[in-house]
Structure formats: structure tokens, C-alpha cells
Amino acid sequence: MTIKIGANPIIWSNDDMQSVGASTTLEMCLAQARKAGIQGMELGHKFPQTVSGMKAALDPFGLEFISGWWSTELLTRSAEEEIAALKPRLELLKGMGCKVCIAAETSNAIHGQIDTPLSARPYLAAGEWQEFARRMTVVAGFLADHGIDLVYHHHMGTVVQSREDIGRFMDLTGPSVKLLLDTGHALWGGSDPAELARSYRERIRHVHGKDIRPFKRAQADVYDWSFLRSVLSGVFTVPGDGCIDYARVMRELPDYSGWIVLEAEQDPEIANPLVYARMGRNYLVDTLIATGHMKGDAS
């Protein structure tokens with residue numbers, strides 16, 4: 001059993017609001033990630049999109065490439081069209097030895113719209129779920145044939161946000177569709193992250209470690225802010241700086257093997273990325289040692 005701690009470059013530069021962290025270079029991001037004890041990175045908009053480019057960027061810092069977000073559009077296109085669009089990303093993932101492909105349905109998502117409140121997030125009608133799940137299962141089967149798990153990212157502002165959404169999605173998709181457990185999105189969306197871990201432990205293949213600041217979440221809920229406005233307010237932080245008990249979550253995943261990826265959509269001008277990456281990484285190491293997932297001599 002091996003768990004590695006990675007990071008998403010969104011700690012340094014925001015993908016949905018590229019003006020946030022715009023002055024942070026890729027090299028600065030990677031150097032700080034390595035200094036913080038991070039072992040691998042997910043994809044960000046400043047990263048190369050080719051195998052040769054990715055290796056040239058990461059190798060000098062001794063970092064692995066974990067995977068990257070893929071926006072599916074399966075409510076508006078067929079599984080076959082999705083697979084065709086996905087092939088260049090598949091080449092990158094296979095070339096870098098990745099084990100998972102992170103997917104989230106975004107054809108009608110509102111999380112990237114700063115003036116659209118989260119109360120306006122999309123829902124699927126009862127009759128739409130079956131076909132959506134079927135298409136996702138077909139895409140997951142294609143990836144599985146290439147040795148890669150599709151891990152679905154439940155996310156605020158999308159059709160798979162609430163506990164009910166997650167349950168319906170997992171019930172209707174086939175076993176080739178795995179789950180990305182994002183602790184921050186889970187809690188904010190109305191789920192208990194530990195309960196999700198317990199319920200879907202056999203299908204969880206990837207974990208995003210993101211924490212919540214309860215006061216900021218309460219503000220976002222009461223004032224019905226958009227996702228991005230909530231992010232700018234500081235609703236998210238790294239594990240150990242919010243309210244989520246990660247030991248409780250990880251005890252529900254006794255056999256988990258793979259990546260736990262630090263995330264915290266914060267403004268790097270306000271929240272120093274190196275400080276927060278190191279804080280989150282150290283907290284996770286301590287937690288994983290306490291839960292028996294990692295040996296006590298981890299450095």
C-alpha cells in the first residue's frame with residue numbers, strides 16, 4: 001500500500017480565474033512544490049500539454065505528473081464524440097505513466113461564472129440521468145482498456161454536487177467509473193466526506209485534499225455567492241487549516257493506495273503558496289502516520 005502526496009497548481013495559479021496568480025511562473029510553482037515536500041503535480045494551464053514538454057518541466061524538480069482535469073460534455077455529445085476529443089489527453093496520460101483521468105461534466109456547469117450564484121447550478125431531470133451515466137460508463141470503459149481509471153470529480157456548480165447527485169451517479173454508472181473523493185467539495189455540497197469514503201471505498205481511486213473555512217462557507221451560503229466569489233473570499237484552504245477531520249476520512253479508506261492531492265483555491269498574494277503547501281503536506285503526513293497509512297519515518 002502506497003500513498004503519495006501531490007498538489008494541484010491551483011494553489012499557485014487559478015485556472016478558472018487566470019488573473020489570480022498570473023505573475024507566478026511555472027518554474028516558481030514547481031520549485032516551491034518540491035520545497036514543500038510535494039511528490040507530484042496535477043495539470044494546470046501553465047503546464048505543457050505534450051509528453052516531452054511535461055518531462056522537461058517536471059524532471060528538473062523530481063516531480064511526477066499525476067493527471068489533470070478533463071471537462072466532459074456528455075450532456076451535449078455522444079460517448080464516441082467524447083472519446084475522440086479525449087484522445088490527445090490520453091496520449092499525455094499514457095506517456096507520463098498516469099493511472100487516472102479526472103473527469104467532470106461541464107457542458108452546463110456554472111462554477112466558472114463569477115456572477116452566477118450557486119443556487120442557479122444545473123440539475124438533471126429524472127429522465128436524463130440514465131443516458132448521462134451510460135455515456136460516462138462507455139468513456140470509462142474506453143479508458144480502462146488503456147489501463148487508466150476514469151475518476152469522476154463531484155464539484156460545486158455542476159450536475160453532480162449534492163449527496164443525492166453522487167449517489168444517483170454512482171448507482172447508475174458501471175464499475176469502470178471510479179470516484180474522485182474531494183473532501184472540500186463534498187462537505188460544501190452537503191455530504192459527509194467520511195461517509196462518502198465508507199460508502200464508495202471500493203471505487204475511490206483518487207483523493208483531493210481540500211478543506212473548508214466554516215465562516216466563509218456560511219457567508220457564501222447566506223449571501224448566495226457564486227463559486228468564484230466564494231473562492232476569492234477564502235472559502236477553501238488546505239487540510240489542517242479548516243474544519244475537516246482527515247483522520248476520520250482516511251480511517252474509512254484503510255486500503256487506499258494512490259495520490260492525495262493538496263488543493264486550495266486561494267489568492268497567492270494573500271495566502272502564500274509555499275506556506276500553505278507545506279502546512280497541508282505536513283498535516284497530511286502526520287494524519288497518515290496516525291491512521292497507519294504511512295510509516296512514522298516519512299520525511
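1. To start with a term: Ala, Val, Leu, Ile, Met, Phe, Trp, Tyr, Cys and Pro count as nonpolar, Asp, Glu, Lys and Arg as charged, and the others, Gly among them, as polar. With that in hand, look at the second largest cavity, whose lining residues divide into four nonpolar, two polar and two charged. Please keep in mind as you read that this is a predicted model.

2. Which residues line the second largest cavity? They are Asn14, Met17, Val20, Val231, Leu232, Glu265, Gln266 and Asp267. The space inside this second largest cavity comes to about 30 Å³. You can try sorting the names into the classes yourself: the result should be four nonpolar, two polar and two charged residues.

3. Now for the other cavity. The count of cavities of 30 Å³ or more is two, and the largest cavity holds about 70 Å³ of space. Its lining is made up of Pro9, Trp12, Ser13, Asp15, Thr24, Thr25, Leu26, Cys29, Gly44, His45, Lys46 and Phe47. By class, that lining of the largest cavity has five nonpolar, five polar and two charged residues. As background, rolling a probe the size of a water molecule over the atoms shows where empty space is left.

4. Next, find the sheet. It is an open sheet of nine strands with parallel pairing, and its order is E3-E2-E1-E11-E8-E7-E6-E5-E4. Which strands are at the edges? They are E3 (64–65) and E4 (69–72), each of which pairs on one side only. In general, strands of a sheet pair through backbone hydrogen bonds, either parallel or antiparallel.

5. Strand E6 is a good place to pause. This strand covers residues 149–153, and four of its five residues are buried, so E6 is mostly covered. Strand E5 (residues 100–105) pairs with E6 in the parallel sense over four bridges; within this pairing, Ile102 has Val151 in E6 as its bridge partner. To get from E5 to E6, the chain passes through helix H4 (residues 129–145), and this β-α-β crossover is right-handed.

6. What does E6 pair with besides E5? Strand E7 (residues 177–182) pairs with E6 in the parallel sense, again over four bridges. Here His153 stands opposite Leu180 in E7. The chain crosses from E6 to E7 through helix H5 (residues 163–172), and this β-α-β crossover is also right-handed.

7. Ser191 deserves a look of its own. Ser191 sits in the loop between helix H6 (183–188) and helix H7 (193–200). Is Ser191 buried or exposed? Its relative accessibility is 4%, and buried means under 20%, so Ser191 counts as buried. Leaving aside residues up to four places away in sequence, Ser191 touches Ser162, Arg163, Ile166, Ala186 and Leu196.

8. Finally, turn to Val285, which lies in helix H11 (residues 273–290). Val285 counts as buried because its relative accessibility is 6%, with buried meaning under 20%. If you would like a distance to check in the viewer, the C-alpha atoms of Val285 and Trp188 are separated by 24 Å. Along the chain, these two residues, Val285 and Trp188, are 97 residues apart.

Technical notes:
Residues numbered from 1 in each chain as written. Predicted model: local features only at pLDDT ≥ 70, side-chain atom pairs only at ≥ 80, totals over all residues. Heavy atoms only, no water. 1 Å grid on protein atoms, 1.4 Å probe; cavity = no way out; pocket = protein on both sides within 12 Å on 5 of 7 lines; lining within 4 Å. Points joined across faces, edges and corners; volume = space filled by probe spheres on them. Buried < 20%, exposed > 50% of the residue type's maximum accessible area, 1.4 Å probe, protein only. Helix = DSSP H or I, 4+ residues; strand = E, 2+ residues; numbered from the N terminus. Pairing = 2+ DSSP bridges. Right-handed = clockwise from strand over helix to strand, strands pointing away. Contact = heavy atoms within 4.5 Å.
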